[in-house]
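This report goes through one protein model, taking its strands, helices and surface in turn. Please keep the sequence and the coordinates at hand while reading.

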Amino acid sequence: MADHYVAITRGLEGTKAVDFTTGTSSASTALFEFRVLDGVTPKKVEVLKALKAIERFFENQQQVVAAGFDVAG
């Protein structure tokens, strides 16, 4: 079974459905994507909590650098 993902096209705000790509195999050209393990049915609140946690991770420059991400300012 394949995981499910949603990816957003670089530079777009996600205000239109066409800004996203969804599917069951990774978008190898996508700069950003969010993946959900197949066979798991998360609650909406769990998905939103995960997204907020990822946002907090990238707001902490020390964590970002320690994880090896090369993210500018």
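## Pairing of the strands

Ile-8 stands opposite Phe-20, a residue of strand E2, and Val-6 faces Thr-22 of E2 across the pairing. These positions belong to a predicted model, in which strand E1, residues 4-8, pairs with E2 in the antiparallel sense over 4 bridges. E1 is also joined to E3 by 5 bridges, and these two strands likewise run antiparallel; within that pairing, Ala-7 stands opposite Glu-33 of E3.

Taken together, the strands form an open sheet of 3 strands in the order E2-E1-E3, with antiparallel pairing. Strand E2 (20-23) and strand E3 (32-36) are the edge strands, each of them pairing on one side only. From one strand to the next, the twist averages 15 degrees.

## The two faces of E1

In a regular strand the side chains alternate between the two faces of the sheet. Which side chains of E1 are buried, and which are not? Tyr-5 and Ala-7 point to one face and are buried, whereas His-4, Val-6 and Ile-8 point to the other face and are not buried. Ala-7, the partner of Glu-33 in E3, is thus on the buried face of E1, while Val-6 and Ile-8, which stand opposite Thr-22 and Phe-20 in E2, point to the other face.

## A salt bridge to an edge strand

A search of the whole structure finds 1 salt bridge. Asp-3 forms this contact with Arg-35, and the closest N and O atoms of the pair are 2.4 Å apart. The pair links distant parts of the chain, since Asp-3 lies in the segment before E1 and Arg-35 lies in strand E3, 32 residues apart. Side chains of opposite charge can pair when their charged atoms come close. Arg-35 is nevertheless classed as exposed, because its relative accessible area is 51% and the class begins over 50%.

## Helix H1 and the nonpolar patch

Leu-48, Leu-51, Ile-54, Phe-58, Phe-69 and Val-71 make a nonpolar surface patch of about 510 Å². One of these residues, Ile-54, is found in helix H1, which covers residues 44-59. Is Ile-54 buried, exposed or partly exposed? With a relative accessible area of 39%, Ile-54 is partly exposed, because this value falls between the limits of 20% and 50%.

## The loop between E1 and E2

Thr-15 is found in the loop that lies between E1 and E2, and it is exposed, with a relative accessible area of 67%. Thr-15 and Leu-31 are 16 residues apart in sequence, and their C-alpha atoms are 17 Å apart in space.

## Overall layout and confidence

The protein has 2 helices and 3 strands, and from the N terminus on its elements run β-β-β-α-α. The C-alpha trace spans about 35 × 25 × 25 Å along its principal axes. Of the 73 residues in the protein, 8% are buried.

The mean pLDDT of the protein is 89, and 95% of its residues reach 70 or more. Confidence is highest in H1, at a mean of 95, and lowest in E3, at 89. Where pLDDT is low, the predicted coordinates should not be read in detail.

Notes. Residues are numbered from 1 along each chain as its sequence is written. This is a predicted model: local features need pLDDT of at least 70, side-chain atom pairs count only at pLDDT 80 or more; totals for chains, interfaces and linings use all residues. Side-chain values use heavy atoms; hydrogens and water are left out. Patches are made of residues with over 30% relative accessible area and no salt bridge: like charges are joined within 9 Å, nonpolar side chains (Val, Leu, Ile, Met, Phe, Trp, Tyr) within 5 Å. Accessible areas come from the Shrake-Rupley method with a 1.4 Å probe; for residues, only the protein chains shown count as cover. A salt bridge is a side-chain nitrogen of Lys or Arg within 4 Å of a carboxyl oxygen of Asp or Glu. Buried means under 20% relative accessible area, exposed over 50%, partly exposed in between (1.4 Å probe, protein chains only). Two strands pair if DSSP finds at least two bridges between them. Axes are lines fitted to C-alpha atoms, for helices over the stretch in contact, and angles run from 0 to 180 degrees between N-to-C directions. pLDDT is the predictor's confidence in each residue, from 0 to 100.
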